[in-house]
Amino acid sequence: MLFRALIPVAAALMLAACSGPADKPATGSVIEVKDAFVVKPAAGRDVASGGMMVYVTGAPVDLIGVSTDAADRVELHTMSMEDGVMQMRQVDSFTVSEGEPVVLQRGGNHLMLFGFDSAIQEGDKVDLSLEFRDSDGASQTVVTSADVKGLGD
Ligand SMILES: [Cu+2]
């Protein structure tokens, strides 16, 4: 998992403030999701991108999957520069640590929604169901409401 190793570095670069390693028990990690959005694709296309901020209080958790009624399938993607070209790659998970939120956004790590429902319009809201797993293997599902934005927003 080459890309998983890169993610904490990227998160630390984006966020100057960084607390020390969290050696707390995995139980009771509190997950908070903010500013979720999905970008409606151009007419005739059905692949949408999306993002959000994910915070955790307590032990680290992994975001291992996303589902929604608004699309057939959602993947977690990284974005990186390789030989001067931006490349997207699917990854299995993103790790969220206290003080190191996962930032999913345009131009960076992001969600990719395939088979996005063309009936959904800018200004609508869609629910995203986020599945997390903690270090004990316990899972936690968080549902967040994402704003549907236009390509130029
Ligand atoms: Cu992508």
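**Figure 1. A low-confidence stretch at residues 5–26.** In this predicted model, pLDDT remains under 50 across residues 5–26. For that stretch, the model has 25 contacts beyond four places in sequence, so please read them alongside the confidence values. Over the protein chain, pLDDT averages 87, and 82% of the residues score at least 70.

**Figure 2. The copper ion and its four donor atoms.** Here you can see His 77 (ND1), Met 88 (SD), His 110 (NE2) and Met 112 (SD) coordinating the copper ion at 2.1 to 2.3 Å. The angles among the donor atoms run from 92 to 118°, and the site is tetrahedral. Traced along the chain, the donors have the spacing H-x10-M-x21-H-x1-M.

**Figure 3. Two copper donors, Met 88 and His 110, with their strands.** Met 88 belongs to strand S5 (residues 85–91) and His 110 to strand S8 (residues 110–114), so this pair ties together parts that lie 22 residues apart in sequence. Are these residues buried or exposed? Met 88 counts as partly exposed because its relative accessibility is 40%, whereas His 110, with a relative accessible area of 4%, is buried.

**Figure 4. Lysines over aromatic rings: Lys 34 with Tyr 55, and Lys 149 with Phe 37.** Lys 34 sits over the face of Tyr 55, 5.0 Å from the ring centre. In the other view, Lys 149 lies over the face of Phe 37, and the distance to the ring centre is 4.6 Å. If you are looking for aromatic pairs as well, a search of the whole structure finds zero.

Technical notes:
Residues numbered from 1 in each chain as written. Predicted model: local features only at pLDDT ≥ 70, side-chain atom pairs only at ≥ 80, totals over all residues. Heavy atoms only, no water. Phe/Tyr/Trp six-rings, centres within 6.5 Å; stacked < 30°, edge-to-face > 60°. Lys NZ or Arg CZ within 6 Å of the ring centre and 35° of its normal. Donors = N, O, S within 2.8 Å, 3.2 Å for Na, K, Ca; no water. Tetrahedral: all angles 85-135°; square planar, octahedral: opposite > 155°, others 65-115°. Helix = DSSP H or I, 4+ residues; strand = E, 2+ residues; numbered from the N terminus. Buried < 20%, exposed > 50% of the residue type's maximum accessible area, 1.4 Å probe, protein only. pLDDT = per-residue confidence, 0-100. Contact = heavy atoms within 4.5 Å.
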